[in-house]
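The following paragraphs lead the reader through selected parts of a structure. Please keep the sequence and the model in view while reading.

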Amino acid sequence: MTEKNELKHIAIIMDGNGRWASKRGLPRSVGHKKGAEVVKEITKAVAEKGIKYLTLYAFSTENWQRSAEEVSFLMSLLRQYLKTDLQELKENQVRVRFIGERYMLDNDIQQMMRNLENETAHFDKLTVCIALSYGSRQEIIAATKKIAQSVKNGDILIEDIDINLFSAMLYTKDIPEPDLLIRTSGEKRLSNYLLWQLAYSELEFTDVYWPDFTPEELQRLIDNYNTRERRYGKV
Ligand code: IPE
Ligand code: IPE
Ligand code: MG
């Protein structure tokens, strides 16, 4: 209770864009647009706090099942974000990473993602990891296939499979596990986000819709986190 918990990595499920817009009688797309602006603001706030990693859930594998109209709007917003906002991150020496099933995204988007990752790979102040077309169960299955193949090839033994080896097969292999998970919009579920990586993370839920999320609300959740006792099964 007295000492501050270490806070190296915050993961966020940015939820509630659609409801934020509907509540105002606006199309869902307006909520997504406002949500993208909040991403910028919150990224800046996280950088100022000296936190090293921020992982943002931007689009899930399940989100592909939304209407063609909504998916195509989100992709156009993503293109814009990759072109302008993320370039700004580059200027601020932020390392940008992507996790997810990228082969499902259009080629030009994949190319922009690769370029940004390469151009920012040497920065070490803040790493912003964007989960795009991301699904944790899919990630775990992909890791399992890689491990099975390595065993089949004789590169590793079944006995070599442990937590470290498994973690090293995930998209997040070089990123520490989140200390704090935040989900906005009042929903209390993980929606296929970082199932393995969140095993011992502290969870904070807020009713605020993502487009209304502020640096002050973020600080309130961090203050809550700081009062937690992280026991990891010990006493
Ligand atoms: C989060 O907001 C953004 C994405 C999932 C792309 P939603 O679009 O899920 O908004 P709600 O949950 O319907 O309000
Ligand atoms: C999770 O939100 C995905 C993102 C925030 C990108 P959803 O809105 O898709 O999740 P569910 O459908 O409420 O579980
Ligand atoms: Mg939602």
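Serine 191 is partly exposed, at a relative accessible area of 32%; buried means under 20%, exposed over 50% and partly exposed in between, with a 1.4 Å probe and protein chains only. The model is predicted: local features need pLDDT of at least 70, side-chain atom pairs count only at pLDDT 80 or more, and totals for chains, interfaces and linings use all residues. Residues are numbered from 1 along each chain as its sequence is written, chains are lettered from A and ligands numbered from 1 in the order in which they are written, and side-chain values use heavy atoms, without hydrogens and water.

Although serine 191 is not a glycine, its phi is positive, at about 45 degrees. Serine 191 is also one of the residues that surround ligand 2, which include Tyr57, Phe59 and Arg189; such a residue has a heavy atom within 4 Å of the molecule.

Which side chains place an N or O atom 3.3 Å from an oxygen atom of ligand 2? Arginine 66 does so, and a polar side-chain atom of arginine 183 lies at 3.3 Å as well. For asparagine 63, the separation from a ligand 2 oxygen atom is 2.9 Å. The protein covers 78% of the 390 Å² of accessible area that ligand 2 has on its own, as given by the Shrake-Rupley method with a 1.4 Å probe, where for residues only the protein chains shown count as cover.

Tyrosine 232 likewise has a positive phi, near 50 degrees, and is a residue other than glycine. Tyrosine 232 is partly exposed, with a relative accessible area of 42%.

Terms used: Polar contact = N/O pair within 3.5 Å; in protein donor to acceptor, adjacent residues only side chain to side chain.
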